[in-house]
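Colleague: Could you walk me through this model and tell me what stands behind the words you use for it?

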Amino acid sequence: MEVKKPKIKSMKYEDFKDNEYIEDLLAQLNASGVNVVVGKADQLLNWSRSNSLWPFCFGTSCCAIEFMCLGAARYDMARFGAEVARNSPRQADYIMCQGTITYRMAPVLKRLYEQMAEPKYVIACGACTVSGGPFKNSYCVVKGVDEIIPVDVYLPGCPPRPEAMFYALMQLQRKIKVSRFLGGANRKEKLTYDPEPCLE
Amino acid sequence: MADLKEQIGKLCPQAQFDTEGEFLLITIDDAQWHPLAVSLKRELHFDQLMALVGMDWGEALGVMCYLTNTESGDIVHVKVSTANRETPRLHSVSDVWAVANYQEREVYDFFGIVFVNHPDMRRFFLRNDWVGHPLRKDYDASPEKNPLRLDDETNEDYTCSWVEDDKGNVTKKHGLVFDFDEYVINFGPQHPSTHGVMRYRVSLDGEIVKKVDVVSGYIHRGIEKMCESLTWPQTLLYTERMDYMAAHINRHCLCLCIEKAMGLEVPRRAELIRLMMDELMRLSSHLLSYGCLTMDQGTTTAFFYGFRDRELIYDIFDRTCGARMSMSYSTIGGVVADVHPDFVNDVRHACDVIEKNMKEYHQLFTGNVIARNRMVGVGTLSREQAVDYCITGPSGRASGVHCDVRKTHPYSRYEEFDFDEVTRTGGDSMARYMVRMDEMLQSIKILRQACDKLEQEGIQGEYCAKVPKMIKLPAGHWYQQVEASRGAFGVYIESDGDAKPFQKPYRMHFQTPCFNLIGVVDLTCRDNMIADLITITASIDFVIPDIDR
Ligand code: SF4
């Protein structure tokens, strides 16, 4: 079945270079019998959700400084409705994972992710979180955060420029805009972890 | 050097000397090491332990200790080793120089050398269930041994130490990190005010901090080990990712060290460009710490001011180096490309703007009554403590230590410039903050002079020396220090002279300023309020990856 180009009013298909993932997502939705024509209620939900993404402050190293620049005056993340950086995972919508994740940090990151409320998203920001980056050969660096948590958007760069971070943020917004929250849930990953420990 | 040799020879007749290298090398047996350390400090005033480098020489394990006399600036280094690889033991000098406490824990973590009489021999960087000691040459790096573990680490409630009695018998003893009835709260690793991933376990009495136990290593990336499998120019990359707020400066340091080992002459103009980049970096770093310190105390506006002006500096880096952060600009022999034609104008402009805005910063924050109440007299560090814990940089100078490497051991043409070493005597959070603010003015002063010099020597010109394709260093070891944004940054390199198929460092160690800074958190926070812990750590201003490497 051919996939229709997803239409998002405020973010044109042609304006983006990386569209495969969104087509994949649609193909998946189609294949599992979900109606891609998103209802009005869903549109409203998606509109509000994608324009008010609250990031979780999670920076372990260099990339975090660029993230701070995003929040500051010149780049001004507030234009995307994403300036309310939360210090508690329970209040955040997505986690922009900036910086190397080491073996010692890995369980902490996993727990923080589990503490976030659904729907939650992950942007792997910087070479380190995508693949281990310059530290790939180290004895104690995780080779990509996708070993621990599911990643929605991969953002290469060491560190990525603030403009690139915005691009990643917009890709995440598109992803949210084509999703359908009411009715069939499109989040296919089953909970792979045991939710018990979080209750402690 | 001959003088020193004679004096030390009198103190300890068993010591062997080597005057070939850049500093006097003393080789000594472990049995005499502790008495020698005591008399070096007492008689010859070697009051600061600059670096303690763990080493694996194949047949022996040991340490290299770099000592300095803060009055005369003399440097000596001591080599202590043990041939026992199964249960290597050396005597601790943490009772002589307080900074050795964490340094020795690092060496224990990486090499498995146990320091006898050390109060607290726990691992420092790696998980407490880690198998093996990674920097040993015979370390088994197979992932089966140390897989990615996703279970939570257990808290370490017991310290462990090896104590020697009068007869020389060593026994292992356990102590408590916190007493059973103490009220301990966890702080970090994911906390916005720790400026990264640092974890403290804080024991409280009401709101008063009784003890802080530092749990580090959440961003330990194993840089030193990875360097051992790369060529010399490749290792430069990691210097920028430790203290990313001193990226140029750290890289400059490693370049200087390798150039010193090669005997390479760097064009004077390249040195000048490096110097300018260093000062820009320092400005940017101090602006960031202004922003973070203010934000930690609730002044969000001041954060925006600091970041606004940093963008000017980022623009300069962007134009010349092609990147905002992690610039990879210095290289062995000079810099990788010439500066942008507008470089000098941009720098002048940035200097003018920042100098003008400094007044605003002071109006906004420095005079504020809340800021003063929270910072004046809080977290005081005396001069003696600063020397003992080897606190350098703005934090050291705030306690009145003259520790600016640009003045004490000038490098890269710093001796040609007219600037002051900013010192204060308060030693409290306010003094640390003010030293930083005043240093920014000094950096601007240096930059203005450098702009004039660069114009005289040509806005475009020679920027890199001729460097052989394959970089080979003779066998030996070298140590180089520079003044980074947060203190003296040192690089220790050792080469075995072997160059097949290409030469790799035998050992590379980074003596980072923040590693020493973390040593005084407990000291400065004790008996202050828990809320002051945030102010104090922000005023000490560390960058966590610089601690953990
Ligand atoms: S990707 Fe590069 S800049 Fe980002 S954390 Fe890793 S090393 Fe630092």
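Modeller: Sure, starting with confidence: chain B averages a pLDDT of 86, and 100% of the residues score at least 70; pLDDT is the predictor's confidence in each residue, from 0 to 100. The model also scores ipTM 0.84 and pTM 0.86. This is a predicted model, where local features need pLDDT of at least 70 and side-chain atom pairs count only at pLDDT 80 or more, while totals for chains, interfaces and linings use all residues; side-chain values use heavy atoms, with hydrogens and water left out. Residues are numbered from 1 along each chain as its sequence is written, and chains are lettered from A and ligands numbered from 1 in the order in which they are written.

Colleague: What makes Met295(B) partly exposed?

Modeller: Buried means under 20% relative accessible area, exposed over 50%, and partly exposed in between, with a 1.4 Å probe and protein chains only. Met295(B) has 36% relative accessibility, so it counts as partly exposed. Met295(B) lies in helix α7 (residues 268-296) of chain B.

Colleague: Why is α3(B) called largely enclosed?

Modeller: Because 11 of its 12 residues are buried. Among them are Tyr102(B), Glu104(B), Arg105(B) and Phe110(B). Helices (H or I, at least four residues) and strands (E, at least two) are DSSP runs, numbered from the N terminus. Just after α3(B), Gly112(B) takes a positive phi of about 75°.

Colleague: How do you know that the span of helix α6 (residues 162-177) of chain A agrees with what it should be?

Modeller: The expected span is 1.5 Å times one less than the number of residues. For the 16 residues of α6(A) that gives 22 Å, and the end C-alpha atoms are 23 Å apart, which agrees. As for burial, 12 of the 16 residues of α6(A) are buried, so this helix is also largely enclosed by the rest of the structure. Phe166(A), Leu169(A) and Arg174(A) are among the buried ones.

Colleague: What makes the ligand site shared between chains?

Modeller: Residues from chains A and B surround the ligand, so the site is shared. A residue is near a molecule or strand if one of its heavy atoms lies within 4 Å of it. Of the 14 residues around the ligand, Cys62(A), Cys63(A), Ala127(A), Cys128(A) and Cys158(A) come nearest.

Colleague: And how many helices and strands are there in chain A?

Modeller: Six helices and four strands, running α-α-β-α-β-α-β-α-β-α from the N terminus on. Of the 200 residues of chain A, 50% count as buried.
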